[in-house]
Amino acid sequence: MPISPDARAALSMVVGAAWVRDDEQARLAYGTDALQRGAPADLVLIPADVDEIAAIARLCHEHRVPLVVRGAGTGYTGGAVPVQGGVVVSMERFTRILEIDDANLLAVVQPNVLTADLQTAVEARGLFYPPDPASSNISALGGNVAECAGGPRAVKYGTTRRYVLALQAVLPTGEIIRTGSKAVKNVVGYDLTQLLVGSEGTLAVLTEITLRLVPRPVATATLQASFATIEAAVGGVTALLAARVVPATIELVDGGSLAAVERYLGRPVAPPGTGAMLVIEMDGQPAGVEEETHLVSGALASAGALSVHRAATSAERDALWEARRELSFALRAAAPRKINHDVSVPRGRLPQLFALIAALEREHDLWIPSFGHAGDGNVHVNIMVDPSDGDVLARAERAARALFEGVVALEGSISGEHGIGMSKAPYLSLELAPDVIALMQRVKAAFDPRHILNPGKIWMG
Ligand SMILES: Cc1cc2nc3c(=O)[nH]c(=O)nc-3n(C[C@H](O)[C@H](O)[C@H](O)COP(=O)(O)OP(=O)(O)OC[C@H]3O[C@@H](n4cnc5c(N)ncnc54)[C@H](O)[C@@H]3O)c2cc1C
């Protein structure tokens, strides 16, 4: 339903004319994310502070206008896309690091600080913010919290959830609340902080985030292990887990993804004959890093690695990580559309997951290059399609459903880090029982009785 002229005028007045966009170009630009399936906003508002957001929420609640929060717009499931029109609130003016507290190992930030900017700022002081989505240069901390972003380092350090101590947030009814505290231990009442982490912009607008930091590791070692086949590389991951080592990262890249990134970067990334590779990083104190590197190299060699190469310089390490970070863009350049499904399984079931992906490629006649955070059992399964080809889209849809059914049968999850958003909403009931979905919907109603905040996400309707 279009926004009434009265509501439009009142909403625009909150931020002032200079911070309102309603031209066609802006409505489209603020209506899409990395999923590449957009829907235009009716009105884009760019507030300056928490009070303006509270006023916008009150008006949207009063006039029953959908309100969608937008961070940096790098989400992969359409979370920031206004599928039912209404207002997009862009957080682009919330870009300040408010405090870095060395003594208490924490930082207080506004939500649209880029993840990499916080990392650079704290590392200069000998501190470390571990969550490291491969999008860290382009995604914002508010979006990371709203999605509970993961990334390569989650093997050792956990996901964003582990680092969120406290939040300031605006409810869809307009109240400003604070949850949690600066204390690392806090068990007072229900843990609303953790409820808001991963809530995909459906429960509240996050306006300030208090994050836990850790000391920066002083030493790192980066290994590249080449294998002849994907099955052998997965065997390498199993061997690492069996050796009882927990590296900071265990990233896996299959042959199709590797070829795509080599084409995209115009340089070789792995030795000739590599059918799949692992990128493994150890970090910590120098002696511990050396010992772990020794154990890891041995385990990989016994698992049949063709070669295990340790990056000798920081330039070599950077080149390896550049290749890992560019994988998504390389695959995007390799086909008209890449549909990225970030499924996860218990780590020991990776061999079954890769067998399933190979079967889906054969049965549905699709190219499905896969890579990801193998140390967490979290794999980005990319179904490559031409959206103008209805037949290939139908096959991709059938393959996606079979993939999700398969990971649930393996006791895994249909999303390890990208969330449900709009693209996975049709599949929610494959993983969650009806009574659990109903309970979640009652939680949603308690926060948002008129269902105005990010409608059409997580569940349909
Ligand atoms: C190349 C590439 C690599 C990626 N790699 C990873 C990876 O390794 N790991 C990973 O987890 N993800 C990855 N992603 C996905 C994406 O970057 C993350 O989901 C990220 O956390 C989204 O942040 P954003 O600021 O772009 O959020 P947006 O896309 O703007 O929004 C995402 C969701 O968060 C909500 N939201 C945003 N800000 C707020 C706020 N202040 N308050 C309330 N809700 C809010 C939105 O409403 C939406 O539902 C990758 C994406 C790309 C393009």
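How many bridges pair strand 8 with strand 10, and in which sense do the two strands run? In this predicted model, strand 8 and strand 10 (residues 205-212) are joined by six bridges in the antiparallel sense. Within this pairing, Ala169 has Leu206 of strand 10 as its bridge partner.

Both strands belong to an open sheet of five strands. The order is 5-6-10-8-9, and the pairing is antiparallel. Strand 5 and strand 9 (176-180) are the edge strands, and each pairs on one side only. On average, neighbouring strands of this sheet are turned by 10 degrees against each other, with direction ignored.

At one end of the strand order, strand 5 (residues 97-101) pairs with strand 6 (residues 106-109). Four bridges hold this pair, again in the antiparallel sense. Glu99 faces Val108 of strand 6 across the pairing. The two strands form a hairpin with four residues between them. In that hairpin, Leu105 takes a positive phi near 50 degrees.

Two helices were examined against the five-stranded sheet. Helix 4 (residues 115-123) lies across strand 5, strand 6 and strand 10. The direction of helix 4 is at about 35 degrees to strand 5. Helix 3 lies across strand 8, strand 9 and strand 10, and runs at about 55 degrees to strand 8.

Helix 3 (residues 50-63) also packs on another sheet, where it touches strand 2, strand 3 and strand 4, as described below. That sheet is open and has four strands in the order 1-2-4-3. Its pairing is mixed. Strand 1 (20-21) and strand 3 (67-70) stand at the edges with a single partner strand each, so one side of each has no neighbour in the sheet. Strand 2 (residues 43-45) and strand 4 (residues 87-90) run parallel and are joined by three bridges. Val44 stands opposite Val88 of strand 4. On this sheet, the direction of helix 3 makes about 150 degrees with that of strand 3. Helix 1 (residues 5-15) lies across strand 1, strand 2 and strand 4. The angle between helix 1 and strand 2 is about 25 degrees.

Helix-helix packing was considered next. Helix 8 (residues 230-242) takes part in a contact with helix 10 and in another with helix 13. The axes of helix 8 and helix 10 (residues 286-302) come within 9 Å and cross at roughly 135 degrees. The two helices are therefore oblique to each other. Their crossing is right-handed. Gly236, Ala239 and Leu240 of helix 8 meet Val296, Ala299 and Leu300 of helix 10. Five of these contact residues are nonpolar, one is polar and none is charged.

The axes of helix 8 and helix 13 (residues 350-364) also come within 9 Å, and cross at roughly 160 degrees. An angle over 145 degrees counts as roughly antiparallel, and helix 8 and helix 13 are therefore roughly antiparallel to each other. This crossing is right-handed. Helix 8 contributes Ile230, Val234, Val237 and Thr238, and helix 13 contributes Leu350, Pro351 and Phe354. By class, six residues of this contact are nonpolar, one is polar and none is charged.

Helix 11 (residues 314-325) and helix 12 (residues 327-334) pack with their axes 4 Å apart, at an angle of about 45 degrees. That angle makes helix 11 oblique to helix 12. Ala323, Arg324 and Arg325 of helix 11 meet Leu327, Ser328 and Phe329 of helix 12. This contact has three nonpolar residues, one polar residue and two charged residues.

Aromatic pairing was also assessed. The structure holds three aromatic pairs. One of them joins Tyr129 and Tyr163, whose ring centres are 6.0 Å apart. Their planes stand at 80 degrees, so the pair is edge-to-face. The pair links distant parts of the chain, 34 residues apart. Tyr129 sits in the loop between strand 7 (127-128) and helix 5 (141-147). Tyr163 sits in the loop between helix 6 (154-157) and strand 8 (164-170).

Terms used:
Residues are numbered from 1 along each chain as its sequence is written. This is a predicted model: local features need pLDDT of at least 70, side-chain atom pairs count only at pLDDT 80 or more; totals for chains, interfaces and linings use all residues. Side-chain values use heavy atoms; hydrogens and water are left out. Axes are lines fitted to C-alpha atoms, for helices over the stretch in contact, and angles run from 0 to 180 degrees between N-to-C directions. Angles under 35 degrees count as roughly parallel, over 145 as roughly antiparallel, 65 to 115 as roughly perpendicular and the rest as oblique. A crossing is left-handed if the near helix is turned anticlockwise from the far one by less than a right angle, and right-handed if clockwise. Contact means heavy atoms within 4.5 Å. Ala, Val, Leu, Ile, Met, Phe, Trp, Tyr, Cys and Pro count as nonpolar, Asp, Glu, Lys and Arg as charged, and the others, Gly among them, as polar. Two strands pair if DSSP finds at least two bridges between them. Rings of Phe, Tyr and Trp (its six-membered ring) pair if their centres lie within 6.5 Å; planes under 30 degrees apart count as stacked, over 60 as edge-to-face and the rest as tilted.
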